Amino acid sequence: MITSIALNLRSQRTNYHQAINSLIFWDNCMPKRLIQMLNQFGICTSYVFQINGVKSLSQSASEMAKEAANNSLKIKMLPYDNFNWMSNVWESSALHKSQTHDQVSALLVILPTPTGQDAKTITAIPSFKEKAGTWHKINPRILLTDIIPSKSDNDAFWNNAILHVQNIIFEDLKAIQPLKTEEYYLPTFDQEQGSTRGNMIVLEHYFGKVLAIPKKTFEDTMFTVLGDRLTVAHDHAAQDQHSVDLSPYAFDHLSSLCMVGGIMHYEMNYISALSRNFWGSDGSLDPVSLSTFHKLLPNCAEVNSHKINYYAWMRFLDVILQGLALSASMAVTKTSSLNALESIIQSDSKLLAKIAAAVVDNLLVQPLDRLEDLSIKKISGETRGHPTFFKCYNYANECMEILHNIIHDWPSSYAEVAFNGMFFNPHGWKEDFKPTDLHVEHLNNHIKERAHGSNASPSVLEKIVPAMGYVQNLTDFVFEEMGVEDLNQHHSHVKQKTDIAIVIHHMQAHNIFDFAQDKKSLHTVIDLYRHGLQCVGGLNERHTNISSVTTNETEDEIINETELKTVEFTLGTVDEDWNDVESGYDGQETF
């Protein structure tokens with residue numbers, strides 16, 4: 001550092017240190033005048049060098065993205081989304097005014113190739129053509145049967161549910177092995193993306209101009225596009241409109257693109273449906289309604305059923321789930337405190353799996369038929385503590401589409417890769433997994449940080465965005481190596497132990513898992529396990545009959561709740577002792 005300051009501009013080789021400092025300052029949005037002052041001290045490069053360096057790095061990053069996109073040994077995915085920002089002017093005039101910009105951000109993501117397979121075989125167009133439109137050719141009842149969870153699906157869910165409960169009791173038992181996702185930031189595009197025509201332009205721009213992929217490549221290679229539900233719908237509409245194009249190239253028809261929805265938007269739709277069905281009234285006396293927990297837990301103002309705050313709802317539901325799992329564990333072990341539960345588990349390492357299995361089998365995950373088989377139902381009427389199932393067209397539509405694609409329309413090898421591509425790990429850290437579409441939202445926020453000031457413009461963002469990923473990685477690496485990150489860990493992350501303790505105390509006070517004290521709720525339960533298939537198909541199988549005539553009724557009106565059959569039941573006392581529950585799945589119950 002001292003040598004670099006002393007020599008300052010006399011030797012370019014000693015100024016690598018100053019260049020690194022300059023990039024780190026740029027990543028942290030240090031003001032221009034501070035950069036100029038520190039440059040005079042010899043600590044960093046000049047502001048002009050900093051801007052030119054970022055621009056040069058962006059050009060290099062764009063070339064690397066092109067190289068990766070044209071590498072036939074890699075499986076490529078293009079996640080993209082729109083973002084809005086306003087360029088402000090301090091003094092308006094006839095030629096200068098504040099202006100709103102509607103732009104698109106995008107990434108090039110390289111999906112990991114499964115061991116023992118090659119990218120060319122997985123993305124080969126002939127394998128897609130063999131299965132194209134399969135779900136339109138199969139009998140509708142068979143289609144619906146295919147997407148209903150099979151025994152292997154139930155086994156996997158059962159095992160994962162047990163592992164999840166174990167992780168809640170004792171953290172970090174089994175974590176997903178971290179793998180850094182290969183990604184490239186692409187230049188922003190000053191183009192609206194709220195229409196089908198806008199999405200056509202966006203796809204043609206990124207694949208044709210930015211990544212410079214030859215048209216002939218699309219004749220034998222499938223590419224993946226990821227977006228939210230509206231983006232996927234527009235992309236499908238663009239493919240339909242281009243299907244009549246007379247061009248001999250597949251790229252002009254957009255037929256070599258597979259659309260995948262972002263998992264964060266699946267979660268948002270699920271939370272939206274969950275909040276409407278489980279919220280209850282403000283004066284609800286049900287101790288396990290979401291409105292009750294909302295009033296019980298402090299600082300939950302951002303949790304509401306009208307406008308979904310993703311992070312607030314995830315924290316809120318996580319607290320309730322952990323409270324449920326721990327309360328259930330205390331119920332099956334007949335303990336009254338977490339310390340007593342911990343003592344039992346520590347006495348025998350094998351007990352943890354048995355307790356988790358008992359919790360899942362008898363308290364948390366209960367198909368209706370299995371409750372009947374175990375003679376747990378005692379009295380009529382829906383009881384406190386058992387979930388009511390709900391219907392939501394948006395959520396169902398997204399789930400149906402991805403299930404049909406994975407099971408029917410996509411080759412099995414590609415389906416696994418595309419599904420795994422819905423998750424992202426930008427740093428390769430164990431705790432850094434996130435939905436890919438959420439990562440794009442983070443990119444949008446990062447870009448907007450650069451969009452402040454009178455000099456911000458779409459052309460400026462286009463020149464600097466490709467460098468942002470590399471500069472951010474540089475900053476993270478330097479902070480980690482120099483111990484800066486450790487110095488800032490004195491302030492621990494926000495814990496939810498108090499929130500969980502409040503939930504556990506509430507559940508114990510209301511005897512949530514004491515089935516002998518169950519009371520009837522005021523509404524009945526829709527038995528979707530037995531009649532869900534009919535509901536999914538719609539009245540007269542309208543949703544599954546390809547030749548049916550479209551009516552003016554909306555999708556949500558087709559499924560009339562009054563026509564659904566209901567079942568009255570309650571949860572009874574589990575007779576078998578938790579310690580005798582085997583940690584295996586008999587697979588005999590009916591779903």
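This short talk walks through some features of the structure shown above, which is a predicted model.

Let me begin with the salt bridges, of which the structure holds 4, and I will go through three examples. In the helix called H4, lysine 66 forms a salt bridge with glutamate 63, and the closest nitrogen and oxygen atoms of that pair are 3.7 Å apart. If you find both residues in the sequence, you will see that they are 3 residues apart, which along helix H4 is about one turn. Both partners count as partly exposed, because a relative accessible area has to be under 20% for a residue to be called buried and over 50% for it to be called exposed, and lysine 66 has 26%, while glutamate 63 has 48%.

The second example has a similar layout in another helix, H9, which covers residues 151–169. Here aspartate 155 forms a salt bridge with lysine 151, with the closest N and O atoms 3.0 Å apart. These two residues are 4 residues apart in H9, and so about one helical turn separates them. Lysine 151, at 46% relative accessibility, is again partly exposed.

The third example is of another kind, and I would ask you to look for it in the 3D view. The side chains of aspartate 252 and lysine 215 meet in a salt bridge, at 3.2 Å from N to O. This pair links distant parts of the chain, since aspartate 252 sits in helix H12, residues 250–253, and lysine 215 sits in the loop between H10 and E4, with their positions 37 residues apart in the numbering. Is aspartate 252 buried or exposed? With a relative accessibility of 18%, aspartate 252 counts as buried, whereas its partner lysine 215, at 34%, is partly exposed.

That same loop brings me to backbone angles, and a general remark helps here. Most residues other than glycine have a negative phi. Alanine 212, however, has a positive phi of about 50 degrees although it is not a glycine. Alanine 212 belongs to the loop between helix H10, residues 196–210, and strand E4, residues 223–227, and its relative accessibility of 36% makes it partly exposed. Further along the chain, asparagine 511 also has a positive phi, near 50 degrees, and asparagine 511 is not a glycine either. You can find asparagine 511 in the loop between helix H24, residues 497–509, and strand E8, residues 525–526, where a relative accessibility of 30% places asparagine 511 among the partly exposed residues.

Next, let us turn to the empty space. Rolling a probe the size of a water molecule over the atoms shows where such space is left. How many cavities of 30 Å³ or more does the structure hold? There are 2 of them, and the largest cavity contains about 80 Å³ of space. Its lining includes Arg229, Tyr266 and Asn405. The elements that give two or more residues to this lining are helix H11, residues 229–242, strand E5, residues 257–261, and helix H19, residues 393–409. Of these, H19 gives the most, with 4 residues.

Pockets, by contrast with cavities, are open, and the second largest pocket holds about 730 Å³ of space. It is lined by 21 residues, and those closest to its centre are Tyr47, Ile51, Arg450, His452 and Asn455. Two or more lining residues come from each of H3, helix H4, residues 47–69, and helix H22, residues 458–481. The largest share, 5 residues, comes from H4, the helix that also carries the salt bridge between lysine 66 and glutamate 63.

Helix H3 deserves a moment too, and here we come to the surface. Phenylalanine 41 lies in H3, which covers residues 32–41. Together with Leu34 and Met37, Phe41 makes a nonpolar surface patch of about 280 Å².

Finally, a word on cysteines. What is the number of disulfides that the structure holds? The number is 0. For two of the cysteines we can also compare their surroundings: cysteine 44 is buried, with a relative accessible area of 0%, whereas cysteine 29 is partly exposed, with 37%.

Conventions
Residues are numbered from 1 along each chain as its sequence is written. This is a predicted model: local features need pLDDT of at least 70, side-chain atom pairs count only at pLDDT 80 or more; totals for chains, interfaces and linings use all residues. Side-chain values use heavy atoms; hydrogens and water are left out. A disulfide is a pair of cysteine sulfur atoms within 2.5 Å. Buried means under 20% relative accessible area, exposed over 50%, partly exposed in between (1.4 Å probe, protein chains only). Patches are made of residues with over 30% relative accessible area and no salt bridge: like charges are joined within 9 Å, nonpolar side chains (Val, Leu, Ile, Met, Phe, Trp, Tyr) within 5 Å. Accessible areas come from the Shrake-Rupley method with a 1.4 Å probe; for residues, only the protein chains shown count as cover. On a 1 Å grid over the protein atoms alone, a cavity is a set of points where a 1.4 Å probe fits but cannot get out, and a pocket is an open set with protein on both sides within 12 Å along at least five of seven lines; lining residues have an atom within 4 Å of a point. Grid points are joined across faces, edges and corners, and a volume is the space filled by probe spheres set on the points.
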